[in-house]
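The following exercises concern helix packing and internal space in a protein model. Each task is followed by a solution in steps.

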Amino acid sequence: MSTSRPGMTRIVAGESQTPKRRRALEVALTVGLVLLISLGAVVASAVARDSNASAAPDAAGTPAAELKLGYFGNITHAPALVGVQKGFIARELGDTKLSTQVFNAGPAAIEALNAGAIDATYIGPNPAINSFVKSKGESVSVIAGAASGGAQLVVKPEIKSAADLQGKTLASPQLGGTQDVALRAWLGKQGYKTTPDGGGDVAINPTENAQTLKLFQDGKLDGAWLPEPWASRLVLQAGAKVLVDEKDLWDGSLTGKPGEFPTTILIVNKKFAAEHPQTVEALLKGHVEAVKWLNDTPAAEKAAVVNAALKQDAGKALAQNVIDRSLKNITFTVDPLAGSYKKLLQDGVDAGTTKQADLNGLFDLRALNSVATEKTTAAGLGQD
């Protein structure tokens, strides 16, 4: 962990030199992390109930002295990268100090949010669903969308179809994460069985993205379901081919937007939002401005700014062809595509990473709809 600028903490997962020998340990640690997240969500639920009973904040709330914001060093988190890099969020926060922390995967960010180490975070939808379910609705609220698309199953060129995956080894970024659930759900629809510990007809090894690239290059993985820019890196730098582009699995019947599915959303700790609604609104103003900038800016300038932010937050800029391909695969939107969440929950249930639950109350889009031109719906799962 190293400090890269004032208020910025960069977390980089260590890369194993002997990943194969440590695979069993990594899986055990990953399962342990999921259990820890569950405990954190329960604690968050208790803290929220305590605060409702004992704390007596002003009815209108007060601006926070500090906003601790999490996000990933991925192109799918470009609204955060741009919002921080160009100062959109800090400017809207005014006197509220902005501190940022960079994560590698969703479950770790959820653990930090539930523990109070951060107040809000950009994240994939499935870890947010898991936290909401495990805390019985007390831990987090989805307050905006950020990105749609930009996730693919990329494989060795000799794999021609799903039928060729029997006995193969695939990777996902982290057990219970959005791409992990998508991979397990898709394999299930192809007739394959998988287990959280890597067993079944197709072995799934949750692996940090940089390690996935190296393992694929070394021939130790047959493929991976990855977000951008990692899908593009495996295709352009390691010779992988696209077997499934996740956008082709979403026909728009749940959201009215064919080909769109939530990849990155913005969530907030419910207790923080209740105590500091002005700060949440300011965050959303900066977020909306960042998304608008991404959609209005010419491709070359957009790629340059995003790449500069990636170099700062992830430690290295991307090759031009990688960032260009990645950005073409992503739609930046403040719509969280709430109509898709019952399916996302069911996919998690089928994958064995979450349990069936009522998602009513997951969304609070009132502040977003007060500051954004595009009006979004909670699809009956909260307030809008």
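Contact here means heavy atoms within 4.5 Å. The model is predicted.

**Exercise 1.** Determine how helices α4 and α5 are oriented to each other, and identify the residues through which they meet.

*Solution.* Two packed helices are described by the angle between their axes and the distance between the axes. Step one: the axes of α4 (residues 106–115) and α5 (residues 125–134) come within 9 Å and cross at roughly 40°. Step two: angles under 35 degrees count as roughly parallel and those from 65 to 115 as roughly perpendicular. The helices α4 and α5 are therefore oblique to each other. Step three: their crossing is right-handed. Step four: from α4, the residues Gly106, Pro107, Ile110 and Asn114 meet Pro127, Ala128 and Ser131 of α5. By class, this contact has 4 nonpolar, 3 polar and no charged residues.

**Exercise 2.** Describe the largest cavity and its lining.

*Solution.* Step one: a search of the whole structure yields 2 cavities of 30 Å³ or more. Step two: the largest cavity holds about 170 Å³ of space. Step three: 20 residues line the largest cavity, and Phe72, Gly106, Thr178, Gln179 and Pro227 are the closest to its centre. Step four: α4, α6 (178–189) and β12 (262–269) each supply at least two lining residues. Step five: the lining divides into 7 nonpolar, 13 polar and no charged residues.

**Exercise 3.** Characterise the second largest pocket.

*Solution.* Step one: the volume of this pocket is about 330 Å³. Step two: of its 17 lining residues, Ala273, Ala274, Asp364, Arg366 and Gln383 are the closest to the centre. Step three: by class, the lining has 8 nonpolar, 5 polar and 4 charged residues.

Methods:
Residues numbered from 1 in each chain as written. Predicted model: local features only at pLDDT ≥ 70, side-chain atom pairs only at ≥ 80, totals over all residues. Heavy atoms only, no water. 1 Å grid on protein atoms, 1.4 Å probe; cavity = no way out; pocket = protein on both sides within 12 Å on 5 of 7 lines; lining within 4 Å. Points joined across faces, edges and corners; volume = space filled by probe spheres on them. Nonpolar A, V, L, I, M, F, W, Y, C, P; charged D, E, K, R; others polar. Axes fitted to C-alpha atoms, helices over the stretch in contact; angles between N-to-C directions. Helix = DSSP H or I, 4+ residues; strand = E, 2+ residues; numbered from the N terminus. Parallel < 35°, antiparallel > 145°, perpendicular 65-115°, else oblique. Left-handed = near helix turned anticlockwise from the far one by under 90°.
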